[in-house]
Amino acid sequence: ETERDLLPKCLRLAFHDCIGGCDGCIDNTVLDNRGLDEPIDLLFPLVQKYHHKLSRGDVWAYCAIVSADMAVVDNRPDDLNFNMHYVGRKDCEGADEKGYGGPEVIMYEPHMTTHEMIEFFDERFGLDAYEMTVLMGVHSAAVAHRENLGFGNIGREDGWVEEAEEYKLSNLYYTSMLERVWELDKFENEGVVPDRYQWYFDEEDEGPIMLTADMSLILDLEGLVVTDSKGVAGKVMCIAHPEAEFEVGEEGDPEEVPLCPMAKQTRDIVEELSTDNTQFLFDFVDVLDKMVMNGYKLPMTMSKSGKTSKTSLGESGKSGKSDESGKSDKSGKSGKVRNLVSSEEHTEHSKNSRDGGLVEELNSDSNSTIEKRCSCD
């Protein structure tokens with residue numbers, strides 16, 4: 001609680017780690033991963049302490065789940081629970097003991113269009129358009145550090161909502177997006193960080209921001225995102241609101257640009273989530289579960305009829321987990337910790353004594369479920 005600024009950093013770490021599959025590795029030579037060294041270094045003592053029980057990927061995933069839990073401060077539903085249900089993520093090869101290195105990963109681009117966003121989250125996370133839009137709501141609890149990726153304001157902790165520095169997870173991300181007159185502007189950065197285009201509503205270009213990928217949840221920018229005359233990507237050739245001005249015109253640009261069309265695939269979802277914070281929070285629990293499970297198959301469980309079926313986890317929708325009868329349960333209480341099965345090497349990985357040992361240890365006591373936080377220090 002004394003270092004709440006670590007909450008969005010742990011969530012960002014897990015997101016970047018789980019692109020294409022959670023494997024406890026981050027390539028710190030990639031610009032998009034700048035700033036992740038802080039949570040990685042912070043968590044390393046825990047990785048060392050619990051290496052016989054948890055993989056590095058498990059620790060990172062658990063940090064994200066705890067961070068999301070702590071970020072829900074206002075108007076928290078009584079039965080909302082963020083729980084870690086599975087362990088056994090397999091750390092990649094080619095990284096050092098802290099997790100720096102590993103395979104090349106296709107990263108999330110800050111100026112993607114709606115179609116590109118949907119395609120990326122489907123291919124890299126297995127999330128549909130609704131789940132993608134819910135996951136993007138994590139930006140309500142985040143701030144942008146200009147020195148890392150070039151977005152945000154120098155010397156300020158501005159994020160995607162007002163008072164972002166309080167790191168509160170809520171549906172304000174969506175209401176902020178819909179209720180403001182957003183205008184695009186261009187900003188120069190130093191060193192290896194490229195110049196950037198980002199959206200503001202404040203006349204002094206301060207306060208909350210949006211990236212083009214955020215705005216693509218409500219605007220269809222297909223064919224309207226270009227590279228400017230200086231080689232800077234992300235210039236958008238339309239305005240987001242009838243009252244907005246086009247502030248990034250260059251020589252050769254038309255005198256007037258059109259109003260951006262609406263994003264038919266996701267705008268209605270944004271509007272729906274903007275009206276119901278409770279719905280957003282329960283859906284976020286499910287989507288976060290699915291994100292930190294990316295790259296793994298669920299264990300098989302035996303039903304009463306003798307048939308095998310996949311254990312329910314991270315079901316998309318508005319109601320939380322499913323019980324044996326198929327009915328939903330918003331409490332998210334789904335039993336004891338289970339072992340993950342890698343989608344690529346599930347046979348060998350399921351034999352890993354480290355992971356099985358943790359399951360055995362946690363399940364040896366009826367009170368030692370993953371629903372109860374580990375006594376990590």
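This is a short talk on the strands, aromatic pairs, pocket and cavities of one structure.

Before I start, please keep in mind that the model is predicted.

I will begin with the strands. Three of them make an open sheet, in the order β2-β3-β4, and the pairing is antiparallel. At the edges sit β2 and β4, which covers 209-210, and each of these pairs on one side only. As background, strands of a sheet pair through backbone hydrogen bonds, and the pairing is either parallel or antiparallel.

How many bridges join β2 to β3? There are five, and the two strands run antiparallel. You can find two of the partners on your screen. K186 stands opposite Y197 in β3. D185 has Q198 of β3 as its bridge partner. On the other side, two bridges join β3 to β4, again antiparallel. There, W199 stands opposite M210 in β4.

Now look at β3 by itself. Is β3 mostly covered or mostly open? It is mostly covered, since five of its five residues are buried. R196, Q198 and Y200 point one way from the strand, while Y197 and W199 point the other way. In a regular strand, side chains alternate between the two faces of the sheet. In β3, the residues pointing either way are all buried.

There is also a pairing of β5, residues 225-227, with β6, residues 233-236; it is antiparallel and has three bridges. Here V226 stands opposite K235 in β6. The hairpin of β5 and β6 has five residues between the strands, and G231 takes a positive phi near 85°.

After β6 comes a loop that leads to α9, which spans 267-274, and V257 has its place in that loop. V257 counts as buried because its relative accessibility is 14%, and the cut-off for buried is under 20%. The C-alpha atom of V257 is 5.2 Å from that of C238, although the two residues are 19 apart along the chain. Please remember C238, as the name will come back.

Next, the aromatic rings. A pair of rings is described by the distance of the centres and the angle of the planes. The whole structure has 14 aromatic pairs, and I will show two.

The first example is Y108 with F121. Why is this pair called edge-to-face? The ring centres are 6.0 Å apart and the planes are at 75°, so the pair is edge-to-face; the angle has to be over 60 degrees for that name. Y108 lies in the loop between β1 (86-87) and α4 (114-125), and F121 lies in helix α4, so the pair ties together parts that are 13 residues apart in sequence. Y108 counts as buried at 16% relative accessibility, and F121 is buried with a relative accessible area of 1%.

The second example is F187 with Y200. Their centres are 5.2 Å apart and their planes are at 65°, so this pair is edge-to-face too. F187 belongs to strand β2 and Y200 to strand β3, so the pair ties together parts 13 residues apart in sequence. F187 is buried, with a relative accessible area of 15%, and Y200 is buried with 2%.

Going back to Y108 and F121, these residues belong to one aromatic cluster, together with F15, F120 and F125. On a separate point, R180 lies over the face of F201, at 4.3 Å from the ring centre.

Finally, the empty spaces. The largest pocket has a volume of about 820 Å³. Which residues are closest to its centre? They are R12, H16, H139, L149 and W160, out of 36 that line the pocket. Several helices supply at least two lining residues each, among them α2 (37-49), α5 (129-136) and α10 (277-291). The largest share, six residues, comes from α1. By class, the lining divides into 23 nonpolar, five polar and eight charged residues.

As for cavities, there are four of 30 Å³ or more in the whole structure. The largest cavity holds about 50 Å³ of space. Its lining includes W182, L184, W199 and F246, and here C238 returns as well. The lining has eight nonpolar residues, three charged ones and no polar ones. W199, to close the circle, is the residue of β3 that stands opposite M210.

That is all I have.

Notes. Residues are numbered from 1 along each chain as its sequence is written. This is a predicted model: local features need pLDDT of at least 70, side-chain atom pairs count only at pLDDT 80 or more; totals for chains, interfaces and linings use all residues. Side-chain values use heavy atoms; hydrogens and water are left out. On a 1 Å grid over the protein atoms alone, a cavity is a set of points where a 1.4 Å probe fits but cannot get out, and a pocket is an open set with protein on both sides within 12 Å along at least five of seven lines; lining residues have an atom within 4 Å of a point. Grid points are joined across faces, edges and corners, and a volume is the space filled by probe spheres set on the points. Ala, Val, Leu, Ile, Met, Phe, Trp, Tyr, Cys and Pro count as nonpolar, Asp, Glu, Lys and Arg as charged, and the others, Gly among them, as polar. Helices (H or I, at least four residues) and strands (E, at least two) are DSSP runs, numbered from the N terminus. Rings of Phe, Tyr and Trp (its six-membered ring) pair if their centres lie within 6.5 Å; planes under 30 degrees apart count as stacked, over 60 as edge-to-face and the rest as tilted. Buried means under 20% relative accessible area, exposed over 50%, partly exposed in between (1.4 Å probe, protein chains only). A charge sits over a ring if NZ of Lys or CZ of Arg is within 6 Å of the ring centre and within 35 degrees of the ring normal. Two strands pair if DSSP finds at least two bridges between them.
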